[in-house]
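Here's a walk through this model, going from single residues out to the pockets. Keep the viewer open and click along as you read.

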Amino acid sequence: MGKQYLHEISFLRSIACLSIVLLHSIDWGMDYISFLAALPDYSKLVLDSVNMFLYYGTPTFIFITALILGFSYKGQKEIPENFLAKRIKFILIPYVCMGFLYAFPYLLVSSGEFAKKAFLNIFIGDFHAYFVLIIFQFYLLFVWGRNWLDRHRPLYVISLSLIVNVIYLSVFNFTGPVALPFADYIWERYYWIPFPGWIFYFTLAYYIGSHYETFSAMIKKYKGWVLIAPFVSGALLLLSYHNGFAIDSSKRVDILFHTCSVIVFVLYFAMKMKTVPQLFIKISQYSYGIYLLHTMYIALLIILFDYTPLNFGIFTILVLFLVSTTFSMLTIFVLNKWKYGHYIVGRINVSTAKTKRREIKTSQAASIPSCNRTS
């Protein structure tokens, strides 16, 4: 049987991608608008709240990575020999290129500062594409630990990973830097990179992918809880944040539960679709490149606004969102016409073109060999 695809993943990936672009558009837009004139308190409160709600974006990409692995390789004895090589080629090399690209402004200071920033970007994940370093850790864990995952009960592994994840994040959320070299930087940013900060998403998604038909039946059975969960988790998230009990970050304990509630919510609606709208298919196909490029275009737009009389007021955020998404996609499209362009901005994920809803009976589950495989 040929490859089969979950159109739900295309929809979820596009939602996660757009959420990240919108989050950064709001963040940069608020700073720019506030610089020009005082942003009304009520506008700031609303936009700040929307931003907090959108923090599920990056964790969702990590979740999708593990879900695809679980679904694609269930029932297979061996992982292909080129598993890591293809991911290095199509994911890691564009990440390295972007690491250099986002360091270029530091050349205005000195070549030494450029080299330092490029090193931090590529090896420490000191820019917005840091999630690539995280998913490669999980690729390695999958290669080395897949048999262990398959031998153990999902509930045991998921529970253990949740405990590890909560403890890890709690250390950096609720304690201050210790007396170690670079402790301030570790507490401020680097703790994002090691995999224990994301391990719950990986194990949960892996087992969902491995038992996708059971999962599909469960969310349909408990659809009432599925539909209210993101609003409850979002309300608790905002209550905690606006009362000063939590930091402004996606690397928080409560984001774990909020992200999962949003993911299940989106998947439920995706499962109800016969086909995914073409706009979302396109966004999904271009999602990696959009993730890599969009902040560059947001920054260029802010510079353009600074040197022109253009003033869109609160609609600056919408302009940043639409233009950065559109120009990122155009850049990806043009560069992918060149033989080596996909090494710079990532390739267009044409495998998601098959988007018709496929019905899977439980008895057929073992016969489905792959889904959204990129190996």
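Phe 138 sits in helix α6, which covers residues 131-151. The model is a predicted one, and in it this side chain is well covered: with 1% relative accessibility, Phe 138 falls under the 20% cut-off and so counts as buried. What does Phe 138 touch once its neighbours within four places in sequence are left aside? The partners are Ile 62, Phe 195, Trp 198, Ile 199 and Phe 202. Take the last of these: Phe 138 and Phe 202 are 64 residues apart in sequence, yet their C-alpha atoms are 7.4 Å apart in space.

Phe 202 also turns up when you look at the nonpolar interior. The largest nonpolar core has 102 residues, and Phe 202 is among those with the most contacts inside it, together with Leu 67, Tyr 95, Phe 142, Tyr 212, Phe 215 and Ile 290. Click on Leu 67 next. Not counting residues up to four places away in sequence, Leu 67 touches Leu 6, Ile 9, Ala 205, Tyr 206, Ile 208, Gly 209 and Tyr 212. Apart from the largest core lies another one of 6 residues, including Tyr 32, Ile 298, Leu 301 and Ile 302. As background, nonpolar side chains in soluble globular proteins tend to be buried together.

Zoom out for a moment to the whole chain. The protein has 16 helices and 0 strands. Of its 375 residues, 53% are buried. Contacts reach a long way along the sequence: among those between residues at least 6 apart, 83% join residues at least 24 apart.

Not every buried residue is a greasy one, and Asn 165 is a good example. Asn 165 lies in helix α7 and has a relative accessible area of 0%, so it counts as buried. Which residues does Asn 165 touch, beyond those up to four places away in sequence? They are Pro 196, Gly 197, Trp 198, Ile 199, Phe 200, Tyr 201 and Leu 256. Two of these names, Trp 198 and Ile 199, you have already met as contacts of Phe 138.

Now over to helix α1, where you'll find Ser 19. Ser 19 has a relative accessible area of 6%, which means it is buried too. Leaving out residues up to four places away in sequence, Ser 19 touches Leu 54 and Tyr 56. The C-alpha atoms of Ser 19 and Asn 51 are separated by 9.1 Å, with their positions 32 residues apart along the chain. Gly 57, in helix α3, is buried with a relative accessible area of 0%. Neighbours within four places aside, Gly 57 is in contact with Ala 16 and Ile 20. The C-alpha atoms of Gly 57 and Ser 250 are 193 residues apart along the chain but separated by 8.6 Å.

What about the cysteines? The structure holds 0 disulfides. Cys 17 is buried at 2% relative accessible area, whereas Cys 97 counts as partly exposed at 27%.

For an oddity in the backbone, go to Phe 182, in the loop between α7 and α8 (183-188). Most residues other than glycine have a negative phi. Phe 182 is not a glycine, and its phi is positive, about 65°. At 69% relative accessibility, Phe 182 is exposed.

That leaves the pockets. About 860 Å³ of space lies in the largest pocket. It is lined by 33 residues, and the closest to its centre are His 24, Trp 28, Phe 127, His 128 and Thr 295. The elements giving two or more residues to this lining are α1 (7-36), α3 (57-72), α5 (111-124) and α14 (287-306). By class, the lining of the largest pocket splits into 18 nonpolar, 8 polar and 7 charged residues.

The second largest pocket has a volume of about 530 Å³. Its lining has 18 residues, with Leu 204, Ile 208, Phe 215, Met 218 and Ile 219 nearest the centre. Helices α7 (154-174), α9 (199-210), α10 (212-221), α11 (223-242) and α12 (253-272) each give two or more residues to it. How many charged residues are there in the lining of the second largest pocket? There are none: the lining is made of 14 nonpolar and 4 polar residues.

Conventions
Residues are numbered from 1 along each chain as its sequence is written. This is a predicted model: local features need pLDDT of at least 70, side-chain atom pairs count only at pLDDT 80 or more; totals for chains, interfaces and linings use all residues. Side-chain values use heavy atoms; hydrogens and water are left out. On a 1 Å grid over the protein atoms alone, a cavity is a set of points where a 1.4 Å probe fits but cannot get out, and a pocket is an open set with protein on both sides within 12 Å along at least five of seven lines; lining residues have an atom within 4 Å of a point. Grid points are joined across faces, edges and corners, and a volume is the space filled by probe spheres set on the points. Helices (H or I, at least four residues) and strands (E, at least two) are DSSP runs, numbered from the N terminus. Ala, Val, Leu, Ile, Met, Phe, Trp, Tyr, Cys and Pro count as nonpolar, Asp, Glu, Lys and Arg as charged, and the others, Gly among them, as polar. Buried means under 20% relative accessible area, exposed over 50%, partly exposed in between (1.4 Å probe, protein chains only). Contact means heavy atoms within 4.5 Å. A nonpolar core is a set of buried Ala, Val, Leu, Ile, Met, Phe, Trp, Tyr and Cys residues joined through side-chain atoms within 4.5 Å. A disulfide is a pair of cysteine sulfur atoms within 2.5 Å.
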